[in-house]
Amino acid sequence: MLGYLAAALPSHTGAEARLLAVQCALRMDSEGQVHLPAGLLRGLRLARDPRPWNELEQARRIRRTSAASASIDGVTVARILDATVFAQCPARPDRRSAADWALRTARAGAGDPSLRLAFLCLAAHADSSTGRGCVETDRIAHECGLALMALVSMLDRLETSLSSWSVTLASGDLRWEM
């Protein structure tokens, strides 16, 4: 899902909107409707910030319901407008599990949404038993919505979450250990 959203979202889409897009895509029902509880939005640190929603609406990926019904019992309701997302997702129980994992994992990336997104992307590409990963540097940068030089800076900022990282110049591969 991270790879698809990296390709589908405009390059200027911020980290908060990308984190929100992942949760929406993984939590949608068979009709493309998403119900996000206030607690989940607080966990993403997006409870009061309309900018990520606005970015996804401007990109024509999501449409929130009318203000009168959008916040029933502290739940924000939206509809996924990107029909291709339906083909990108595994079965619903697996998506729910992935959404919960992504939420918990993104919290480990500290307070900055860019750090949380970078940590989520690295964790998604790491071997869960060893915490080690190797993937093309430009792929991770693309999934994070960053230029390559910005990714290097981001990796340096993740020093408390990564025990090591390096880029192999010959292949362009990024290697890391969580």
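# Close-up views of a predicted chain

**Figure 1. Overall view of the chain.** Buried residues account for 45% of the 178 residues in the chain. The model is predicted. Ten helices and seven strands are present in the chain. The C-alpha atoms occupy a box of roughly 55 × 30 × 30 Å along the principal axes. The radius of gyration is 16 Å; a compact globule of 178 residues would have a value near 16 Å, so the two agree. Take contacts between residues at least 6 apart in sequence: 60% of these join residues at least 24 apart.

**Figure 2. Helix H2, residues 15-27.** H2 has 13 residues. From its first C-alpha to its last, H2 reaches 18 Å. That is close to the 18 Å expected at 1.5 Å a residue. The helix is mostly covered, with twelve of its 13 residues buried. The nonpolar names among the buried residues include Ala15, Ala17, Leu19, Leu20, Ala21, Val22, Cys24, Ala25 and Leu26. Arg18, Gln23 and Arg27 of H2 are buried too.

**Figure 3. Crossing of H2 and H4.** Helix H4 covers residues 51-58. The axes of H2 and H4 come within 8 Å. They cross at roughly 70 degrees. The angle falls in the 65 to 115 range, which means that H2 is roughly perpendicular to H4. On the H2 side, the contact involves Glu16, Ala17, Leu20, Ala21 and Cys24. On the H4 side, Pro52, Trp53, Glu55 and Leu56 take part. By class, the residues of this contact are seven nonpolar, no polar and two charged. The charged pair is Glu16 of H2 and Glu55 of H4. Several of the H2 residues in this contact are also buried, including Ala17, Leu20, Ala21 and Cys24.

**Figure 4. Leucine 19 within H2.** Leucine 19 lies in helix H2. Its relative accessibility is 2%, so leucine 19 counts as buried. Residues up to four places away in sequence are set aside here. Leucine 19 then touches Leu44, Ala106, Pro113, Arg116, Leu117 and Leu120. Leucine 2 is 17 residues from leucine 19 in sequence. The C-alpha atoms of leucine 19 and leucine 2 are 9.4 Å apart.

**Figure 5. Leucine 44 in a loop.** Leucine 44 sits in the loop between helix H3 (38-43) and H4. With a relative accessible area of 3%, under the 20% cut-off, leucine 44 is buried. Its neighbours within four places in sequence are left aside. Leucine 44 is then in contact with Leu19, Gln23, Leu103 and Arg116. Leu19 and Gln23 are both among the buried residues of H2. Arg116 is also touched by leucine 19. Leucine 44 and histidine 142 are 98 residues apart in sequence. In space, the C-alpha atoms of leucine 44 and histidine 142 are 21 Å apart.

**Figure 6. Arginine 60 after H4.** Arginine 60 is found in the loop between H4 and strand S2 (62-64). The relative accessible area of arginine 60 is 67%, over the 50% cut-off, so the residue is exposed. Phi of arginine 60 is near 60 degrees. This is a positive value in a residue other than glycine. Most residues other than glycine have a negative phi.

**Figure 7. Aspartate 112 before H8.** The loop between helix H7 (92-107) and H8 holds aspartate 112. At 23% relative accessibility, aspartate 112 counts as partly exposed, because the value lies between the 20% and 50% cut-offs. Alanine 150 is 38 residues from aspartate 112 in sequence. From C-alpha to C-alpha, aspartate 112 and alanine 150 are 14 Å apart.

**Figure 8. Crossing of H8 and H10.** Helix H8 spans residues 113-125, and helix H10 spans residues 148-157. Their axes come within 10 Å and cross at roughly 90 degrees. The crossing angle makes H8 roughly perpendicular to H10. H8 contributes Ser114, Leu115, Ala118 and Leu122 to the contact. H10 contributes Met154, Leu155 and Arg157. The residues of this contact divide into five nonpolar, one polar and one charged. Ser114 of H8 is the polar residue, and Arg157 of H10 is the charged one.

Conventions. Residues numbered from 1 in each chain as written. Predicted model: local features only at pLDDT ≥ 70, side-chain atom pairs only at ≥ 80, totals over all residues. Heavy atoms only, no water. Axes fitted to C-alpha atoms, helices over the stretch in contact; angles between N-to-C directions. Helix = DSSP H or I, 4+ residues; strand = E, 2+ residues; numbered from the N terminus. Parallel < 35°, antiparallel > 145°, perpendicular 65-115°, else oblique. Contact = heavy atoms within 4.5 Å. Expected span 1.5 Å × (residues − 1). Buried < 20%, exposed > 50% of the residue type's maximum accessible area, 1.4 Å probe, protein only. Rg over C-alpha atoms; globule rule 2.2 N^0.38 Å.
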